[in-house]
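I opened this notebook to record how the parts of one chain are arranged. The entries below follow the order in which I looked things up.

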Amino acid sequence: MDYKSSGVDIEAGYESVELMKKFVKGTMRPEVLGGLGGFSGAFDLSAIKNMDEPVLLSGTDGCGTKVKLAFLMDKHDTIGIDAVAMCVNDVACAGGEPLFFLDYIACGKNIPEKIATIVSGVAEGCKQSGCALVGGETAEHPGLMPEEEYDLAGFAVGIVDKKDIITGENLKDGDVLIGMASTGVHSNGFSLVRKIFEMTKESLDTYYDELGCTLGEALIAPTRIYVKALKAVKDAGVRVKACSHITGGGFYENIPRMLPEGKRAVVEKNSYEVPAIFKLMAKKGNVSEQMMYNTYNMGLGMIVAVDPADVDKTMEAMRSAGDTPYVVGKIVDGEKGVDLV
């Protein structure tokens with residue numbers, strides 16, 4: 001008896017690493033020391049000497065049950081973007097620059113080509129956010145997970161000068177809320193998605209005129225990464241006063257997280273066009289408007305608050321990074337929370 005007969009194929013693990021190396025190589029930064037395959041990833045922090053008070057930031061997350069969609073569609077090249085996005089967007093939301101990322105893939109059976117495809121998406125997410133993929137782990141779990149299934153998670157480490165941390169503490173009445181468009185459902189609320197729509201190949205391959213694509217294509221669209229847009233705003237000389245990554249919990253849970261006591265956010269629902277996928281979900285699932293805004297991003301993946309004098313400069317910077325911004329509301333004095341009007 002050997003390890004392979006118990007369900008763990010060490011040789012497949014070696015092959016996976018070899019196949020993914022070409023993708024990982026494309027994410028390297030000058031600060032990365034050594035290559036893939038060591039027991040840890042090494043990252044040179046000499047550059048932090050240029051900061052007055054360097055602060056490390058970290059974020060960890062996964063893709064939730066969105067991976068079920070990848071299984072059903074047999075499409076594994078973008079789910080890694082989601083895993084990176086969920087982590088680096090949180091780091092950027094605090095004003096930080098993501099430096100490096102590590103992933104963790106747990107699978108029922110290590111199929112090297114599939115693992116390499118997943119990692120290609122992770123690498124693409126790292127390239128989009130400018131961070132290095134310095135390592136990871138692929139764990140084969142026979143008997144714990146079905147052979148065709150996997151779970152994907154990871155974490156990012158970033159850095160920010162203490163004076164540049166976005167805290168919300170200086171928000172004032174009249175500050176303007178600017179939202180950046182999402183690419184769809186992103187990576188939250190898929191347990192409800194899977195209740196609304198029949199999760200079969202036939203259902204996911206159904207074309208909807210209002211979506212301009214199949215249901216599966218709309219749902220699996222990778223999470224938008226906002227790192228470059230927020231960096232462009234900072235480089236434009238704008239001080240972002242508060243920032244909220246609209247993830248699980250939607251507007252009602254995430255927007256208050258960026259507010260200090262005594263400040264309230266007012267979001268105008270008609271200030272931008274809610275994407276068709278959310279309208280279809282609400283209609284097909286008979287989901288109330290309140291529940292939709294309490295679960296999904298509803299078309300806005302990131303919301304920032306800036307001084308009214310900085311609105312035009314902020315939106316121009318966001319557009320220069322390829323994002324679509326909207327003025328969606330304002331900050332008012334009042335009990336901490338959010339109103340959708």
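Before reading any handedness, I wrote down the convention: a crossing is right-handed if the near helix is turned clockwise from the far one by less than a right angle, and left-handed if anticlockwise. I also noted that I am working with a predicted model.

Entry 1, the helix pair. I looked up helix H3 (residues 79-93) and helix H4 (residues 112-129), whose axes come within 6 Å and cross at roughly 40°. Angles under 35 degrees would count as roughly parallel, so I entered H3 as oblique to H4. Under the convention above, I recorded the crossing of H3 and H4 as right-handed.

Entry 2, the residues in that contact. From H3 I listed Ile 79, Gly 80, Ile 81, Val 84 and Val 88. From H4 I listed Ile 118, Gly 121, Val 122, Glu 124, Gly 125, Cys 126, Gln 128 and Ser 129. Sorted by class, the contact of H3 with H4 has seven nonpolar, five polar and one charged residues.

Entry 3, the annotations. In an unreviewed UniProt entry I found "domain: PurM-like N-terminal" for residues 53-160. Over residues 53-160 I read 38% helix and 37% strand, with the end C-alpha atoms 8 Å apart. The unreviewed entry also gives "domain: PurM-like C-terminal" for residues 172-337. Over residues 172-337 the chain is 34% helix and 22% strand, and the end C-alpha atoms are 14 Å apart.

Entry 4, the domain assignment. I noted domain 1 (3-164) and domain 2 (175-340). Their C-alpha centres lie 25 Å apart. I recorded 28 residues from domain 1 and 28 residues from domain 2 in the contact.

Notes. Residues numbered from 1 in each chain as written. Predicted model: local features only at pLDDT ≥ 70, side-chain atom pairs only at ≥ 80, totals over all residues. Heavy atoms only, no water. UniProt positions renumbered as here; feature names shortened; annotations may be inferred. Helix = DSSP H or I, 4+ residues; strand = E, 2+ residues; numbered from the N terminus. Axes fitted to C-alpha atoms, helices over the stretch in contact; angles between N-to-C directions. Parallel < 35°, antiparallel > 145°, perpendicular 65-115°, else oblique. Contact = heavy atoms within 4.5 Å. Nonpolar A, V, L, I, M, F, W, Y, C, P; charged D, E, K, R; others polar. Domains from an automatic or database assignment.
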